[in-house]
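Here is a short note for a colleague who is meeting this structure for the first time. Please read it with the sequence and the model side by side.

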Amino acid sequence: MIIKKNLRIFFRNRSSSVIMVLGTFLVLFALVSFFSEDSQVVHVSYVVNQTSNVSDNILLLLSGSGFTLHNFSTSEECISSVTEGTSKICLSFPDNLTVSEDYNESLVFYIDSSRINVVYYILDQVMSEFSEYSTIQRHRLVSDMLTAIDDVYAMLEAAESQAEAIEENFAEVEKSLLLLKADIAKIDVSYPSLNTLNLSRSASVLITRFRQASLNSNRFRRLSESLIEEMDECGCLVNQSYLDTLNKTYVSHQETLNGTEAVIKTLSSNVNSFTKFYTDSTKSLDELKKLKKAIDSDIKDALELVNQSQHDLASLLNTIKNSKAEFDALEIRKAERILDPISAEIVPIADSSRLGIAIPSVFLILLVFSSLLFSSSLVIFNRDSRGGLRETISPKPRGLFYFSILASALVLVVSQALVFMVVVALLLGLSLVVFLQLALVSVCTALFFIFAGILIGNASDSKEMAFFISIVVTLILLLLSGEILPVEFISESLQSAIAHNPYEVFRSSFYRIIIHGEVGLAGLFSGYASIYIGAAVLALFSFYTFSTFRKLKTSRLYGKAKKPQPQKKEEKKKQNKQKTKPRRKK
Amino acid sequence: MSILEVKNLSFRYRKGFSLENISFSLKKKDFLGILGVSGSGKTTLIRAVAGLITDYSGSISLEAKKEKIGISFQQPSFFEELTVRDNLAYFAKLARFRREEFAKSYSFLIDSLGLRAFEKRPAERLSGGMKRRLDIAIALVSQPEFVILDEPVGELDPLLRKKIFELIDVFSRRGCTFMITSHILYDLERVCNKLLIINQGRQAFFGDAKDFMEEVNQTFKTRIVFSDKSELEKMKKSFPHQKISFSGNTASMLHKKETKYVKALFDFLDKEAIKIAEVKVSQPSLEDMFVRLVSKEEKKQ
């Protein structure tokens with residue numbers, strides 16, 4: 001009974017009960033419609049200046065696995081796409097990425113570590129694709145290496161038989177050479193000593209003397225002839241001197257001839273010796289001829305063996321060269337490179353602490369809730385207060401009360417935010433420019449959600465109803481922002497709506513300011529077009545509902561009016577004649 | 001010239017209660033007392049005149065600037081979290097009342113209503129009577145030309161009622177037009193020059209208070225208590241009793257002084273020797289007057 005009473009108090013009126021139920025259904029509907037599709041669109045940015053087969057294959061693999069790839073011409077643009085939230089990962093391919101031993105460049109993954117849940121999910125997916133590609137490469141490399149080893153083994157077997165043949169050949173050569181050595185040893189190179197000097201001298205003396213003898217003979221012949229002539233002519237007696245001379249010449253000639261005879265004897269002896277030597281030499285030469293023939297034969301055999309061995313060696317060399325070439329043909333021979341053929345590096349875009357990463361989300365959630373709850377509570381408080389009743393009949397324009405609520409809520413939220421921001425600035429060491437930017441975006445956020453809060457306050461009958469609506473609204477915004485679950489989980493058709501989700505737009509700004517420290521108003525308010533439109537619509541609606549609902553709901557303090565019942569035509573005509581509009585001095 | 005003119009005002013709540021064809025007009029400095037029992041439609045009329053109800057039929061013409069209208073609702077209406085002074089200052093500001101004049105008006109009001117000792121106390125910590133006084137002070141703080149007070153003294157003690165009516169009298173003498181609701185006729189008798197009586201959403205009387213009071217003063221209520229019910233039945237059988245109402249063994253009627261009807265009744269009772277236990281003659285109550293006025297109106301219709 002008490003519970004029933006409590007529930008009745010809680011669900012004071014039908015509309016609040018309906019909202020409580022509808023709100024739950026609304027959240028369920030959002031959940032089902034946002035996350036019903038299993039397919040997902042994961043945006044990955046990449047930059048590749050000089051493509052290669054490997055980079056093309058990796059991109060093809062990613063594209064085939066459902067990733068939506070965005071190409072950028074520079075790393076800066078690629079990284080910006082991550083900071084702006086277009087994609088969660090930027091892949092920077094090194095120039096001419098290849099799988100080779102001497103290629104040391106790495107594939108760089110630029111990630112936004114502030115979106116850790118999304119990033120690691122995507123990184124895991126990308127890395128699994130990348131790992132798959134690496135595995136294929138590893139298999140190929142290992143397979144290539146094993147094939148090369150098999151080939152080399154076969155070649156070495158051939159080389160082994162060739163080496164054995166060479167060994168045999170060399171043994172034959174050795175034999176032949178030993179035989180040659182023996183044959184050479186057999187050659188007698190000794191010869192009888194021949195006094196050739198004496199033979200020469202004797203010959204020259206013989207010749208000289210023979211010449212003298214010849215000359216003397218000639219002279220003798222001439223003298224004799226002269227003598228004979230003179231004797232003939234004169235019939236004189238022969239001059240004694242002539243006869244002496246003739247005698248002397250003759251004696252000399254005789255002596256010469258005697259000398260010549262001795263020389264000839266010596267020469268004869270020498271010639272005999274020489275003839276003997278010659279005969280011996282001829283014998284030796286014959287033997288040498290025989291040996292030469294044998295040596296020639298041996299050398300020929302040895303040469304043949306050497307030729308054969310040379311051929312075998314060339315073949316072996318070729319085998320070795322081929323084996324080397326086979327090994328050279330292997331892309332990678334280092335074990336670590338085979339296991340990790342393409343090296344990858346994960347580089348966080350901004351160096352931010354965990355506290356720094358947590359702050360934007362916490363700050364934004366605080367701002368959203370404060371703005372929604374403060375403004376809706378102020379509306380309800382003013383509306384439900386009997387003091388508010390007086391305000392509705394006061395001469396002040398309604399817009400003044402609307403703006404006073406707006407300003408009051410803004411003061412409250414901004415004061416709260418200011419305390420938060422100062423602490424954050426001290427903790428993270430934010431610069432003054434960044435602090436001011438943070439303040440500017442905070443005011444924009446607060447204003448937007450205060451408009452929404454006023455609207456919620458106007459639509460709600462009680463504070464708890466406004467609180468519940470605020471939670472439902474915030475929950476839907478959170479679901480559609482990737483704060484709770486990654487955006488990539490959201491149905492593809494709804495993903496375009498994320499860009500117009502005020503929570504996501506403001507979150508993006510906060511991230512840019514707090515984590516990336518972005519400076520510049522243009523970048524700060526990028527993607528705010530939908531926010532401006534949304535804020536304008538909310539402002540208009542909140543003002544409209546404020547000015548109409550407030551009076552209606554305030555008047556409930558005294559009961560609810562019933563719609564005029566349909567009157568008979570005649571009565572109506574009569575009344576219309578009588579009715580005059582109330583006049584009030586302003 | 002009328003400051004307020006209400007013509008054929010009709011309004012219907014969802015729950016079924018309605019106002020029907022209320023018409024009256026007030027001139028400047030008039031003091032209208034709206035009289036009716038609880039739930040008769042006084043507050044609905046006030047709400048319509050204050051502008052809190054707009055979907056009525058008929059017309060309401062109020063020739064007063066908004067800032068010159070002071071209203072005190074049946075339930076105290078101010079911000080409970082603010083102090084007495086802050087509430088008065090805030091609502092004076094809303095009524096575009098000058099700061100210098102406010103100080104004067106403020107002092108006069110809190111002294112007159114005995115709120116000086118509580119001026120810095122949050123309104124939520126005031127007693128019911130003090131809250132009522134604060135609400136009246138808020139209605140009067142901006143020196144309004146037209147004041148609407150809904151049951152201003154309903155739950156207050158006689159001393160305080162007197163105090164508040166004295167204050168109202170001061171403002172009335174300054175030229176302020178008043179519209180006050182009450183269910184106690186004698187509260188209004190002292191201050192009102194006009195009277196509007198509403199019964200079950202219908203206008204029972206509108207006119208000079210003096211005329212009404214005169215009629216009230218000239219009207220008497222006679223109650224005859226019969227010794228037993230059979231005696232009453234005897235009277236009922238033989239005497240035309242349309243003007244008489246019965247309750248148990250009591251018969252009561254309203255009448256002017258020395259009317260023929262009353263004389264005839266007593267003659268009849270005397271002649272028939274009907275036993276009477278008691279006869280009481282008194283001033284009629286407001287309800288009695290309503291019944292009389294309504295029956296008169298019905299007869300007219």
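The points below take up one helix and two surface patches.

1. This is a predicted model, in which local features need pLDDT of at least 70, side-chain atom pairs count only at pLDDT 80 or more, and totals for chains, interfaces and linings use all residues. Residues are numbered from 1 along each chain as its sequence is written, chains are lettered from A and ligands numbered from 1 in the order in which they are written, and side-chain values use heavy atoms, with hydrogens and water left out.

2. Helix 11 of chain A (helices being DSSP runs of H or I, at least four residues, numbered from the N terminus) covers residues 398–428 and reaches 43 Å from its first C-alpha to its last, close to the 45 Å expected at 1.5 Å a residue. Its buried residues (under 20% relative accessible area, 1.4 Å probe, protein chains only) include A:Phe401, A:Ile405, A:Val413 and A:Met421. After helix 11 comes A:Gly429, with a positive phi near 65 degrees.

3. A:Leu355, A:Val419, A:Val423 and A:Leu427 make a nonpolar surface patch of about 360 Å²; patch residues have over 30% relative accessible area and no salt bridge, and nonpolar side chains are joined within 5 Å, like charges within 9 Å. A salt bridge would be a side-chain nitrogen of Lys or Arg within 4 Å of a carboxyl oxygen of Asp or Glu. Helix 11 gives the most to this patch, three residues, while A:Leu355 lies in helix 9.

4. A patch of negative charge on the surface includes A:Glu157, A:Asp301 and A:Glu304, and helix 5 gives the most to the negative patch, with six residues. A:Glu304 is found in helix 7.

Note on methods:
Helices (H or I, at least four residues) and strands (E, at least two) are DSSP runs, numbered from the N terminus. The expected span of a helix is 1.5 Å times one less than its number of residues. Buried means under 20% relative accessible area, exposed over 50%, partly exposed in between (1.4 Å probe, protein chains only). Accessible areas come from the Shrake-Rupley method with a 1.4 Å probe; for residues, only the protein chains shown count as cover. Lys and Arg count as positive and Asp and Glu as negative; His and the chain ends are not counted. The place of a charge is taken as NZ of Lys, CZ of Arg, CG of Asp or CD of Glu.
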